[in-house]
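User: I'd like a close look at one part of this model. How many salt bridges does the structure hold, and which residues form them?

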Amino acid sequence: YQLSLTTFILTFFLSQAYGLWREMYTIGRKIQGRLNDIGLLLASTVERNSKGKYTPDGETILDDVAAYSRLFHVFMWAKFSQIYSVLLTDRGMSRMLSRGTLNRKQYDTLCSLNANGGPHN
């Protein structure tokens, strides 16, 4: 009797764990694909000089989009995974500000959204 019960419980929890892993894997791969699409579109269409090199304005755009992509990635996993949820708190965002992950304008915008029950919650 104990073996049957133990087998059932382990099978159930393993199935649930696999389902969660599969869902996170699928979400992660979909987001990776869309971020890749954005990066390729930008890299192929950003302004270049006559030698084919990026202009300073083009590099600025690429750098800004890369920074926002990294922030999106951090906040996405903070939302999906409890272990990273501290990053969604004022303490977590303050730490990202001090480490340079967020700049002051981004930090102020996110904090004002948080105070108003904004979309990053």
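Analyst: A salt bridge here is a side-chain nitrogen of Lys or Arg within 4 Å of a carboxyl oxygen of Asp or Glu. This is a predicted model, where local features need pLDDT of at least 70, side-chain atom pairs need 80 or more, and totals for chains, interfaces and linings use all residues. Residues are numbered from 1 along each chain as its sequence is written, and side-chain values use heavy atoms, without hydrogens or water.

The structure holds two salt bridges. One joins the side chains of R34 and D37, at 3.1 Å from N to O. Both residues sit in helix α1, residues 2–45 (helices are DSSP runs of H or I, at least four residues, numbered from the N terminus). R34 and D37 are three residues apart, so about one helical turn separates them. D37 is partly exposed at 34% relative accessibility (buried is under 20%, exposed over 50%, partly exposed in between, with a 1.4 Å probe and protein chains only).

The other bridge pairs R104 with D108, whose closest N and O atoms are 3.5 Å apart. This pair belongs to helix α4, with four residues, or about one turn, from R104 to D108. R104 counts as partly exposed because its relative accessible area is 48%, and D108 is partly exposed too, at 39%.

Helix α4 (104–115) also gives two or more residues to the largest nonpolar core, as do α2 (56–80) and α3 (90–99). That core (buried Ala, Val, Leu, Ile, Met, Phe, Trp, Tyr and Cys joined through side-chain atoms within 4.5 Å) has 10 residues, including Y107, L110 and C111.
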